[in-house]
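Visitor: I should be grateful for a close look at a single part of this structure. Please take me through it step by step.

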Amino acid sequence: MFETSAMKELHRIQEEIYEETKGMTPEELIRYFEETAKKVERELEELKKKKKGNYSIIS
């Protein structure tokens, strides 16, 4: 089966998540994904703020 670079990256990420979460209880797993989602949300907000700050109005 042919695997694109995007698919390889996805598999790498899946393996990384598996290694980080193996042995966790269901409650720990839920907390892991909730915390990860919050972190991603904060990072996206920071990127939005930085992107807004890069524009200037030229008169």
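Which residues does Thr21 touch, not counting residues up to four places away in sequence?

Guide: The model shown here is a predicted one. Leaving aside residues up to four places away in sequence, Thr21 touches Leu29 and Tyr32. Thr21 itself is found in helix H1. Its relative accessible area is 11%, and since buried means under 20%, Thr21 is buried.

These touches belong to a meeting of two helices. Two packed helices are described by the angle between their axes and the distance between the axes. Helix H1 covers residues 5-21 and helix H2 covers residues 26-53; their axes come within 11 Å and cross at roughly 130°. An angle of 65 to 115 degrees would count as roughly perpendicular and one over 145 as roughly antiparallel, so H1 and H2 are oblique to each other. Their crossing is right-handed. On the side of H1, the contact is made by Ile17, Glu20 and Thr21, and on the side of H2 by Leu29, Tyr32 and Phe33. By character, the residues of this contact divide into four nonpolar, one polar and one charged.

Two residues that H2 brings to the contact, Tyr32 and Phe33, also form an aromatic pair. A pair of aromatic rings is described by the distance of the centres and the angle of the planes. For Tyr32 and Phe33, these values are 5.1 Å centre to centre and 80° between the planes. Planes over 60 degrees apart count as edge-to-face, and therefore this pair is edge-to-face. The count of aromatic pairs comes to one. Tyr32 is buried, with a relative accessible area of 16%, whereas Phe33 is partly exposed, with a relative accessible area of 40%.

How values were computed: Residues numbered from 1 in each chain as written. Predicted model: local features only at pLDDT ≥ 70, side-chain atom pairs only at ≥ 80, totals over all residues. Heavy atoms only, no water. Axes fitted to C-alpha atoms, helices over the stretch in contact; angles between N-to-C directions. Helix = DSSP H or I, 4+ residues; strand = E, 2+ residues; numbered from the N terminus. Parallel < 35°, antiparallel > 145°, perpendicular 65-115°, else oblique. Left-handed = near helix turned anticlockwise from the far one by under 90°. Contact = heavy atoms within 4.5 Å. Nonpolar A, V, L, I, M, F, W, Y, C, P; charged D, E, K, R; others polar. Phe/Tyr/Trp six-rings, centres within 6.5 Å; stacked < 30°, edge-to-face > 60°. Buried < 20%, exposed > 50% of the residue type's maximum accessible area, 1.4 Å probe, protein only.
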